[in-house]
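User: Could you take a close look at the sheet in this model for me, strand by strand, and then place it in its wider setting? I would like the cut-offs spelled out as you go.

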Amino acid sequence: MITILVKDLRQRAKDSTLIVFAVVLPLGMAFILNAVLGDAGQEFKARYAVVDADRAAGNTGFVGQVLEPMSTSGVVTLRPVATVDEARALTERREVEATFVVPANFSADARAGRPATLEIIGNVGAPVAVQVAREVAQSYAAGLHSVRLAVAVATPQGTAPDGELAERAGALPMPVSLREDASALKRQLDVTTYYSAGMAMFFLFFAVVFSVTSIFDERRGGTLTRMLAAPISRPTIVMGKLLSGVLVGIVSMTILVVVTTLVIGARWGDPLGVAALVVSGVLAATGLMTALATFARTAEQASNWQSVVAMLLGIFGGVFFPSAQLGGLNVLGYLTPHKWFMQGLGDLAGGGSLQAVAIPVAALLGFAVLGGALALFRIGRMVHA
């Protein structure tokens with residue numbers, strides 16, 4: 001077994017295709033996805049301009065109640081502008097993402113129940129910032145509308161709304177507020193770690209394919225016949241080859257973990273927990289791909305089947321996008337090793353250690369045992385010369 005293992009490792013070390021699938025492609029995809037989508041996980045920042053023709057006293061207007069507090073908290077950078085034409089030019093030049101145009105007498109008209117329009121000029125190249133600006137304006141309008149309804153309910157029928165009552169109602173604090181608890185555990189991977197782990201697990205299934213399909217190459221080249229004629233049992237031959245796949249998988253995953261951590265700042269979590277997930281994930285991939293190969297007649301057929309299955313498992317396992325986006329099909333993710341691997345890393349992101357990944361590791365080992373048992377049951381067909 002050791003002799004077969006060493007021989008296969010020497011061959012694999014010279015196989016440029018294996019190196020591409022085991023290291024180059026997952027690293028390249030992780031770097032690209034992080035560069036393209038990495039900003040999605042960062043804190044929201046936007047540059048807004050404001051044309052305030054209303055100039056409401058104090059903090060009674062839209063600018064004082066909404067925009068200036070957002071600027072003070074650092075969420076947005078606020079730039080006062082004198083005219084609408086100047087603001088439009090700034091937006092078109094992308095010096096700001098959007099502009100709020102507050103017309104004259106806007107606050108007075110809104111409090112009096114008269115029509116009042118708040119205009120937003122957005123840059124087409126910043127859809128997220130423009131949508132946020134729109135939602136801010138709509139939220140403010142909804143608050144004014146709720147005050148107006150409250151005053152209307154409290155005003156006797158047939159009498160004009162009480163302006164003082166409207167002022168007092170508008171000055172009251174919101175009864176419900178939303179805030180983020182910084183002390184709460186977040187079992188969620190950041191964008192960089194998510195795609196680094198997803199691509200590593202996805203291409204792992206392609207990396208272990210080479211050790212499995214090498215049995216067919218040995219049979220086609222006549223080497224397998226010579227090994228079967230020697231005093232070597234069939235399980236020993238297969239185990240020697242599968243061990244080479246396991247070692248290649250562990251080495252490639254280790255390289256990916258180290259490089260993505262040092263180069264793009266991926267945060268995998270507790271080293272012991274990550275090691276347990278990596279080893280169990282490699283065993284699961286090897287077991288499932290070996291079991292699938294036993295149903296093929298040639299190396300080409302085995303590779304094609306394994307590629308299709310690896311792609312489907314990756315999609316339903318959530319390595320390209322969160323599996324929750326699949327809706328009702330989300331439950332199928334738990335039938336894939338990828339889902340359990342990503343879930344285990346999410347548990348580690350919440351500050352967990354080896355104990356936190358006990359269930360995901362057990363699930364991954366279950367895939368390994370199931371695939372390995374099926375492969376051993378059909379091993380005679382696989383090594384038949």
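Analyst: Happy to; here is the sheet, followed by the helices on it, the cores and two threonines.

A word on the ground rules: this is a predicted model, in which local features need pLDDT of at least 70, side-chain atom pairs count only at pLDDT 80 or more, and totals for chains, interfaces and linings use all residues. Residues are numbered from 1 along each chain as its sequence is written, and side-chain values use heavy atoms, with hydrogens and water left out.

The average pLDDT (the predictor's confidence in each residue, from 0 to 100) is 79 for the protein, and 82% of the residues score at least 70. Confidence is lowest in helix α7 (residues 163–171), with a mean of 56, and highest in helix α12 (residues 271–293), with 91. Where pLDDT is low, the predicted coordinates should not be read in detail. Helices (H or I, at least four residues) and strands (E, at least two) are DSSP runs, numbered from the N terminus.

Now the sheet. Its four strands form an open arrangement in the order β2-β1-β3-β4, with mixed pairing; two strands pair if DSSP finds at least two bridges between them. The edge strands, β2 and β4 (119–122), each pair on one side only. On average, neighbouring strands are turned by 25 degrees against each other, direction ignored. Axes here are lines fitted to C-alpha atoms, for helices over the stretch in contact, and angles run from 0 to 180 degrees between N-to-C directions.

Strand β1 (residues 46–52) is largely enclosed by the rest of the structure, because five of its seven residues are buried. Buried means under 20% relative accessible area, exposed over 50%, and partly exposed in between (1.4 Å probe, protein chains only). β1 pairs in the parallel sense with β2 (residues 76–80) over five bridges, and Val 50 stands opposite Pro 80 in β2. Five bridges also join β1 to β3 (residues 98–102), again running parallel, with Asp 52 opposite Val 102 in β3. The antiparallel pairing is that of β3 with β4, over four bridges, where Thr 99 faces Ile 121 in β4.

Two helices pack on this sheet. Helix α3 (residues 62–72) touches β1, β2 and β3, and its direction makes about 130 degrees with that of β2. Helix α4 (residues 84–92) touches β1, β2, β3 and β4, making about 35 degrees with the direction of β4. Contact means heavy atoms within 4.5 Å.

Next, the cores. A nonpolar core is a set of buried Ala, Val, Leu, Ile, Met, Phe, Trp, Tyr and Cys residues joined through side-chain atoms within 4.5 Å. In the largest one, of 44 residues, Trp 268, Leu 277, Phe 341 and Leu 345 touch the most other members. Its largest share, 12 residues, comes from α8. Not counting residues up to four places away in sequence, Leu 345 touches Leu 189, Ala 197, Trp 268, Val 274 and Leu 277. A second, separate core of 21 residues includes Tyr 48, Met 70, Phe 106 and Leu 118.

Finally, the threonines. Thr 290, in helix α12, is buried at 2% relative accessible area. A polar atom of the Thr 290 side chain lies 2.6 Å from the backbone oxygen of Thr 286. Thr 236, in helix α11, counts as partly exposed at 21% relative accessibility. The C-alpha atoms of Thr 236 and Ile 2 are 9.4 Å apart, though 234 residues separate them along the chain.

Conventions
Polar contact = N/O pair within 3.5 Å; in protein donor to acceptor, adjacent residues only side chain to side chain.
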